[in-house]
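Trainee: I would like to learn how to read a structure like this one. Could you walk me through it, one feature at a time?

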Amino acid sequence: MSDIKYTESHEWLRLEADGCATVGVTDYAQNLLGDLVYVALPREGDRFAQGEEAATIESVKAAGEIKIPVDGTVVSVNVALADEPSLVNEAAESAGWFFRMRIDNPEQLAGLMDAAGYHAYIGA
Amino acid sequence: MSHTETLSRTPLYALHVELGAKMVPFAGYEMPVQYPLGILKEHQHTRAAAGLFDVSHMGQVKLIGAEAAAALETLVPIDVIDLPVGLQRYALFTNDDGGILDDLMVANFGGGVLYVVVNAACKAQDIAHLKSKIGHRCEVVELTDRALLALQGPAAATVLARHAPAVAELTFMHCTRVELAGVECYVSRSGYTGEDGYEISVPADHAEALARLLLAEPEVQAIGLGARDSLRLEAGLCLYGHDIDTSTTPIEGSLLWAISKARRPGGERAGGYPGAAVVARHIAEGVQRKRVGLLVKDKVPVREGAELVDADGHTIGKVTSGGFGPTLGAPLAMGYVASAHAALGTPLFAMVRGKPVAVEVAKTPFVPQRYYRS
């Protein structure tokens, strides 16, 4: 069983052993966006409601946003992305993670897709 | 999507798909925005070696007849009459208000034949304009049976000369007819990237063979519209419909250099094109606003439509093109600013998602042009 969940706006959320979650953008989405050239990360301690914009991204083509998958508070950010946005293109679902968060409302996890659901959603 | 049914395809459509291009609608055509290499690497490859671009969506027109040059001069502020055979010039169609209807290239093929290349989005309107205004003085023939390729980059000359040695001797903005892939092509040493390179007009039924021949060269990579845009932006070149349009005159657009001396006030054939009085007044009295280059003092791209404000927060202009410059390694933009803020080095702010981003008026090109002049 994978503990990775997906949103309709193409974020992934991985539940970690410490109860926190890591959030990023899916490989499918990075491929649509094209080469990333800029990432604006949230600050530690920022609190967002589900679906709020937590990070901004810019590719050579267009601007986009990372929405927080569930209510929560940012506990750390991937500072490497600020200097190297291309990490997201190279490894969207591993080294290209955006932030870790504390989940305020675990019931919302049930509303996210699992891997099979997401693959069906994107038509893969 | 139903609207794609109305989109046209260039003779290279099947090749783009075979190469794995992402196809997007552009100016009524399905065009490759990028190939699997991606926009950043395509951009860098063009600056390092050679890129092949399909620009067959652009309009190719011949003006034929002894009066063609004199007739065309009534529509553009350019010296066409004294344009030497084998040379091309950048030109602008102006309207009666001095606004810009389109930008174009005009080449003199000799024997009373001018060859004109216009923008895809404007071509129907441009051809109608030519026919209605000068169709009684020369023949206006759209070359619908020809494709247009661009080979751009420092290796372009080496690559193309392998197949047609004569092209090595052309200098910037010169053109000739040569045989490539077994068929006569019109080749000019010009382009839209700031690099040395060529534009090649080829009969449509030979376009794919020529493209394959060039792509088989080790230096050459297919390049999409995405990198074409970042390359031209770094080169400080205008994109029609964005950086210039009917609401901007050539002087507001900082394109005085494109108005031939013979057609400026005091020149031997001064005026005589639509809106000449407005343009003359703009030259003499200056303009309220001007197109300038903008360097971004932050990492965030500043895009078309962003408002430009001064230190007091007053809106003084707008960004008309912007993005990330892969060779510059930083975001860059161009836009219009009130003339009081147009001096090089003027600090301004661009509003991005409601926040001011520091920018500075900068000279263009942002990346040195590398045209082959001798």
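Trainee: Into which domains is chain B divided?

Mentor: Let us begin there, keeping in mind that this is a predicted model. Domain 1 of chain B takes in 2-57 + 145-234, so to speak in two pieces of the sequence, and domain 2 covers 288-364, following an automatic or database domain assignment.

Trainee: How many Å separate the centres of domain 1 of chain B and domain 2 of chain B?

Mentor: Taken over C-alpha atoms, the two centres are 31 Å apart. The domains do touch: eight residues from domain 1 of chain B and 10 residues from domain 2 of chain B take part in the contact.

Trainee: How do I read the size of such an interface?

Mentor: The size is often given as the accessible area lost when the parts come together. Here, domain 1 of chain B and domain 2 of chain B bury about 720 Å² between them. Carbon and sulfur atoms give 66% of that area.

Trainee: Which parts of domain 1 of chain B touch domain 2 of chain B?

Mentor: Look at α2 (39-48) and α7 (225-234) of chain B; each supplies at least two residues of that side. By class, the residues on this side of domain 1 of chain B are two nonpolar, three polar and three charged.

Trainee: And how many salt bridges does the rule find across the interface of domain 1 of chain B and domain 2 of chain B?

Mentor: Let us take the idea first. Side chains of opposite charge can pair when their charged atoms come close. Between domain 1 of chain B and domain 2 of chain B, the rule finds zero salt bridges. What the count does give there is five residue pairs in polar contact, both residues at pLDDT 80 or more.

Trainee: Now the two chains. How many residues does the contact take from chain A and from chain B?

Mentor: Chain A contributes 14 residues and chain B contributes 11 residues. Read the area as before: chain A and chain B bury about 1200 Å² between them, with 51% of it on carbon and sulfur atoms.

Trainee: How many salt bridges cross the interface of chain A and chain B?

Mentor: Three salt bridges are found across this interface, while a search of the whole structure finds 27 over all chains. In one that you can look up yourself, the side chains of A:Glu58 and B:Arg353 meet at 2.9 Å, N to O. A:Glu58 sits in strand β6 of chain A, and B:Arg353 is in the loop between β18 (347-352) and β19 (355-362) of chain B. The rule also finds nine residue pairs in polar contact across the interface of chain A and chain B, both residues at pLDDT 80 or more.

Trainee: Which elements of chain A supply the side that touches chain B?

Mentor: α1 (27-33), β4 (36-40), β6 (53-59) and α2 (80-83) of chain A each supply at least two residues. β6(A) gives the most, with three residues. This side of chain A has seven nonpolar, three polar and four charged residues.

Trainee: What does UniProt list for residues 20-102 of chain A?

Mentor: An unreviewed UniProt entry lists "domain: Lipoyl-binding" for that span. In the model, residues 20-102 of chain A are 19% helix and 41% strand, and the end C-alpha atoms are 5 Å apart.

Trainee: Where does UniProt place features on chain B?

Mentor: An unreviewed entry places "domain: GCVT N-terminal" at residues 12-261 of chain B. That span is 26% helix and 32% strand, with its end C-alpha atoms 40 Å apart. For residues 289-367 of chain B, UniProt lists "domain: Aminomethyltransferase C-terminal", again from an unreviewed entry. Residues 289-367 of chain B are 0% helix and 57% strand.

Trainee: Which residues does the cis peptide bond join?

Mentor: B:Thr364 and B:Pro365, with omega about 0 degrees. B:Pro365 lies in the segment after β19 of chain B.

Conventions
Residues numbered from 1 in each chain as written. Chains lettered and ligands numbered in written order. Predicted model: local features only at pLDDT ≥ 70, side-chain atom pairs only at ≥ 80, totals over all residues. Heavy atoms only, no water. Contact = heavy atoms within 4.5 Å. Buried area = accessible area lost by both parts, 1.4 Å probe. Salt bridge = Lys/Arg side-chain N within 4 Å of Asp/Glu carboxyl O. Polar contact = N/O pair within 3.5 Å; in protein donor to acceptor, adjacent residues only side chain to side chain. Helix = DSSP H or I, 4+ residues; strand = E, 2+ residues; numbered from the N terminus. Nonpolar A, V, L, I, M, F, W, Y, C, P; charged D, E, K, R; others polar. UniProt positions renumbered as here; feature names shortened; annotations may be inferred.
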